[in-house]
Amino acid sequence: MAVHFGAHCLVQDAGGELVRCHVARRLGRPVCGDRVYWARTDATDQGVLVEILPRRNELLRHDARAQQRVMAANIDRLLVVLAPAPAPELALLDRYLVAAELLGLQACLVFNKSDLLDAAARRQWESELRPYAALDYRVLFTSLRSGEGLDRLRQWLAGQTGIVVGQSGVGKSSLVSALVPDLALRTRQLSEASGAGQHTTSTTRLYPLPGGNGCLIDSPGVRDFRLWPVTLADLVKGFREFAAAAALCRFPDCRHLQEPGCEIRHRVEAGAISPRRYASYRQLAKWMGKG
C-alpha cells in the first residue's frame, strides 16, 4: 500500500501500477507497507480493498490529538536522519532506536549534510556517534553534494522496506530524492492517482526503489517522537547494551533505577555503559510512570 487518504488508498499492484481503492470502514485504516487483497471494480480504473493482511510489525506515532496511530507496517530497516541543523537530539535518537529494537528492525544513523561540517565539527560528531557504532548500529555520513555515503546506503537498503524518520529540516525528502531518482515522477503519479493534486510532506508515502529492489517510506518530519507504552522489561530490551548486565542484577525484578546490586548502574559508573544512554533510559521510564 503506497498511501492512504480519507476513505481511499493507493495500492501498487504486481506490475507497478497504482490503483485507487475504496476502503470500507470495517477494514480499519491501511498504512504504508501494508500487504492487501483488492479487487478492480466494474467499468472503472479503480478498485476496492478486500482485506488487509496481518502485519509483521507496526511503527506507531502520536497524532495531533495525542492518540496512537500506526505510521507504517511491515518494515525491515529504520533510517534515523540527523544533520548539523537543527541540532541533533540524541535522546530522540535513542527513542527511535528503542522502537527499532522492539520491532526487530535494523537501524542506521544517517548524518546528512555532512558537507556543512568543518573538520573539527566532523571529528566532534564522529566522536558523539562512536558509542552507537560500538553497539553495532550502522553510522553513515551522507552528502547530496559530494555523494558521500549514498552508495553504501543504497546497498544497505537493497531488497528491504525502509522508513526514513527524523526531525523536520534534516533533509529527509532530499535524501529520499537521491535514493529514488524518479521521485518527481512517482510523486506526480501518486498525486494524480489520489486526486490530491499535490505532494504534501504531512503524508507518509511509499516509493519503490530502482529496479524493484525494495521500497522506501518517506515520513513527515517531527519535533518529537513518543514511544508507545511498554513494560519496563521491554524498555530494557530496547537498549541493547543492557541485556548482559541486566541478567546479573541482584534482584530479578530490578528496575535499574535505584535498586541495590544493579549491574547496569554499576557498569554506568564504571564507564562500560554510556551515562547519556542510561539517562535516556531513566527519562523514558519516568515518562511511562515507571521511574
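Which residue stands opposite Leu-216 in β13? In this predicted model, the residue facing Leu-216 across the pairing is Gly-162. That pair belongs to the contact between strand β11 (residues 161-166) and β13, which run parallel and are joined by four bridges. On this point a general remark helps: strands of a sheet pair through backbone hydrogen bonds, either parallel or antiparallel.

Strand β13 takes part in a second pairing as well, and here the sense is antiparallel, with four bridges to strand β12 (residues 205-208). In this case Leu-206 is the residue that stands opposite Ile-217 of β13. The hairpin of β12 and β13 has six residues between the strands, and Gly-211 in that hairpin adopts a positive phi near 75°. As for the side chains, those of a regular strand alternate between the two faces of the sheet. Strand β13 (residues 215-218) shows this pattern, with Cys-215 and Ile-217 pointing one way and Leu-216 and Asp-218 the other way. All of these residues are buried, Asp-218 included.

Earlier in the chain, an open sheet is formed by five strands in the order β1-β2-β3-β5-β4, with mixed pairing. Its edges are taken by β1 (3-5) and β4 (36-40); each has a single partner strand, so one side of each is left without a neighbour in the sheet. From one strand to the next, the twist averages 40°. The partner of β4 is strand β5 (residues 47-52), and these two run antiparallel with five bridges between them. Within β5, Leu-49 is the residue that Trp-38 stands opposite.

Turning to the helices, α1 offers a simple check on geometry. The helix covers residues 90-103, and at 1.5 Å a residue its 14 residues should span 20 Å; the C-alpha atoms at its ends are 20 Å apart, which agrees. Is α1 mostly covered or mostly open? It is mostly covered, as 11 of its 14 residues are buried. Among them are Leu-90, Leu-93, Tyr-96, Leu-97 and Ala-100, together with the charged-type names Asp-94 and Arg-95. After α1 comes Gly-104, and its phi is positive, near 75°.

Helix α3 (residues 150-157) holds Leu-153. At 0% relative accessibility, below the 20% cut-off, Leu-153 counts as buried. What does Leu-153 contact once its neighbours within four places in sequence are left aside? The partners are Leu-79, Cys-108, Val-110, Leu-140, Leu-175 and Leu-179. Leu-97 of α1 lies 56 residues from Leu-153 in sequence, and the two are 18 Å apart in space, C-alpha to C-alpha.

Finally, the chain as a whole. It contains nine helices and 13 strands. The radius of gyration is 21 Å, close to the 19 Å that the globule rule gives for 291 residues, so the chain is as compact as a globular protein of that length. Along the principal axes, the C-alpha trace spans about 70 × 45 × 30 Å. Buried residues make up 46% of the 291 in the chain. Of the contacts between residues at least 6 apart in sequence, 62% join residues at least 24 apart. The chain exposes about 14200 Å², and 49% of that area is supplied by carbon and sulfur atoms.

Terms used: Residues numbered from 1 in each chain as written. Predicted model: local features only at pLDDT ≥ 70, side-chain atom pairs only at ≥ 80, totals over all residues. Heavy atoms only, no water. Expected span 1.5 Å × (residues − 1). Buried < 20%, exposed > 50% of the residue type's maximum accessible area, 1.4 Å probe, protein only. Pairing = 2+ DSSP bridges. Axes fitted to C-alpha atoms, helices over the stretch in contact; angles between N-to-C directions. Contact = heavy atoms within 4.5 Å. Rg over C-alpha atoms; globule rule 2.2 N^0.38 Å. Areas by Shrake-Rupley, 256 points an atom, 1.4 Å probe, with all protein chains shown as cover.
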